[in-house]
Amino acid sequence: MADLRTTFAGIKSPNPFWLASAPPTDKEYNVVRAFKAGWGGVVWKTLGEDPPVVNVTSRYGAWHDGDRRVMGLNNIELITDRPLEVNLREIKQVKRDWADRALVVSLMVPCEENAWKKILPLVEDTGADGIELNFGCPHGMSERGMGAAVGQVPEYVEMVTRWCKQHTRMPVIVKLTPNISNILGPARAAKAGGADAVSLINTINSIMSVNLDVMAPEPVVDGKGTHGGYCGPAVKPIALNMVAEIARTADTRGMPISGIGGITTWRDAAEFIALGAGSVQVCTAAMVYGFKVVEEMIDGLANWMDEKGYKTLDDVRGLAVPNVTDWQYLNINHDLKARINQDKCIECGRCHIACEDTSHQAITKEKDGKRHFEVVDENCVGCNLCMIACPVPECITMESVSDHLPYANWTTHPNNPMRKMPTAAE
Ligand SMILES: Cc1cc2nc3c(=O)[nH]c(=O)nc-3n(C[C@H](O)[C@H](O)[C@H](O)COP(=O)(O)O)c2cc1C
Ligand code: SF4
Ligand code: SF4
């Protein structure tokens with residue numbers, strides 16, 4: 001059986017599945033139940049200074065797909081609204097009772113050295129394994145100069161990280177905001193400040209939807225709404241890209257990464273790990289489906305690793321990173337043609353319409369006076385659109401027809417005015 005034990009930034013856990021800082025990790029009652037269900041670690045709901053913040057009701061909005069699955073969740077919740085002393089007492093107790101699990105404490109206090117200097121020893125005293133700096137919350141706290149207001153300014157990220165490294169022995173994980181044009185800026189700043197690791201992503205600034213009766217953004221709070229933080233399966237592609245950028249860029253490569261964003265199944269987690277994540281964090285899936293989702297994650301990941309012959313997570317971590325490249329290095333000679341499996345086709349015509357209206361008019365719709373869908377190879381540019389539009393799984397597949405052609409890319413293509421000319425030696 002594959003060994004899922006994880007050491008992340010020096011913090012040990014029996015598996016890489018941690019609950020992200022959010023309502024599932026808000027209190028001892030939740031965290032104990034999560035550990036009983038099998039979670040390898042938690043990042044405690046962000047602590048702040050007393051007096052605690054005050055939350056509003058109507059805090060969440062959601063985007064459902066046609067089967068009422070939550071694809072995206074949006075929240076306007078703030079950090080913990082419980083007194084600091086209560087949280088610290090519970091953290092100490094939980095760490096004492098669950099020594100083998102990772103217990104990281106998320107923190108957000110004003111951007112002043114004294115505020116950090118004051119809270120860090122209190123957290124250290126609980127025996128917690130590490131801290132995560134919440135530089136990501138995009139609503140409410142950012143208006144008070146914290147959260148994303150810090151995370152969006154690399155100089156602040158570096159400065160606060162450095163304070164934390166100076167005033168605590170605990171490992172420091174910097175949680176990055178995706179509300180920025182280039183994730184490498186704050187990631188580099190975290191590294192320069194001495195961070196032991198980064199975690200990403202926090203939530204994405206968003207308006208979930210507009211209630212057209214009330215004429216206000218959802219979630220509506222007594223007739224008004226505000227932008228909130230977006231998460232859940234819909235944000236996974238954004239998170240994967242940001243994780244990959246950090247994992248593949250020369251000066252950030254090798255920084256431990258805790259991958260967060262839309263992780264719902266073991267496969268999502270495996271994708272983050274393949275792109276370089278050393279642990280993964282989950283929020284929305286636990287909020288919608290409960291703590292037991294971790295069972296499928298643990299079993300699924302271990303079974304897949306067994307099937308593939310991977311013994312530990314070190315064997316998987318980062319395997320996909322060398323295959324993430326810039327567009328200009330993609331094989332321009334790689335040619336695909338769509339293939340329709342006539343036995344599976346239900347003759348709905350979606351592929352024809354997609355290709356006819358917006359692609360390359362490469363799918364016929366009738367033969368001998370009957371509905372019949374077939375690809376005309378000369379017109380097909382292998383774009384994948386028909387395969388994506390087809391409602392029947394594996395009815396349309398893409399076949400490579402260029403295996404005999406050599407690799408070539410844009411950097412030397414004759415149409416590229418900036419192309420590299422081959423040297424005499426080449
Ligand atoms: C209701 C809610 C509250 C959250 N509160 C916090 C928080 O206090 N601190 C923090 O760092 N992130 C917070 N987050 C962000 C999550 O930790 C996580 O980064 C984000 O939800 C993406 O993961 P997911 O797609 O698995 O939900 C919150 C998310 C939600 C949905
Ligand atoms: S792959 Fe693109 S071009 Fe080819 S048939 Fe499908 S939609 Fe048309
Ligand atoms: S979309 Fe799929 S099922 Fe529908 S006609 Fe095309 S190949 Fe057949």
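**Exercise 1.** In this predicted model, determine how many bridges join strand β9 to β10 and in which sense the two strands run.

*Solution.* Strand β9 covers residues 172-175, and three bridges join this strand to β10. The two strands run parallel. Within the pair, K175 stands opposite S199 of β10. Helix α6 (residues 184-192) completes the picture: β9, α6 and β10 make a right-handed β-α-β unit.

**Exercise 2.** Identify the partner of S199 in β15, and state which way the side of β10 bearing S199 points relative to V198.

*Solution.* Strand β10 (residues 197-200) also pairs with strand β15 (residues 257-260), in the parallel sense and over three bridges. In β15, S258 is the bridge partner of S199. Along β10, A197 and S199 point one way, whereas V198 and L200 point the other way. All four of these residues are buried, that is, each has 20 or more other C-beta atoms within 10 Å of its own.

**Exercise 3.** Trace the pairings of β6, first with β5 and then with β14.

*Solution.* Strands β5 (residues 60-64) and β6 (residues 70-75) are antiparallel and share five bridges. One of the bridge pairs is W63 with G72. Five residues lie between the strands of this hairpin, and R68 in the turn has a positive phi of about 65°. Next, β6 pairs with β14 (residues 228-231) over three bridges, again in the antiparallel sense. Here N75 has G229 as its bridge partner.

**Exercise 4.** Describe the residues around ligand 2.

*Solution.* Of the 15 residues around ligand 2, C355, A362, C380, C383 and C386 come nearest. Helices α11 (350-358) and α12 (385-389) each supply at least two residues of the shell. By character, the shell contains eleven nonpolar, four polar and no charged residues.

Methods
Residues are numbered from 1 along each chain as its sequence is written. Chains are lettered from A and ligands numbered from 1 in the order in which they are written. This is a predicted model: local features need pLDDT of at least 70, side-chain atom pairs count only at pLDDT 80 or more; totals for chains, interfaces and linings use all residues. Two strands pair if DSSP finds at least two bridges between them. Helices (H or I, at least four residues) and strands (E, at least two) are DSSP runs, numbered from the N terminus. A residue is near a molecule or strand if its C-beta atom, placed from the backbone, lies within 6 Å of it. Ala, Val, Leu, Ile, Met, Phe, Trp, Tyr, Cys and Pro count as nonpolar, Asp, Glu, Lys and Arg as charged, and the others, Gly among them, as polar. A residue is buried if 20 or more other C-beta atoms lie within 10 Å of its own, exposed if 12 or fewer, and partly exposed in between; C-beta atoms are placed from the backbone. A crossover is right-handed if, with the strands pointing away from the viewer, the path from the first strand over the helix to the second runs clockwise.
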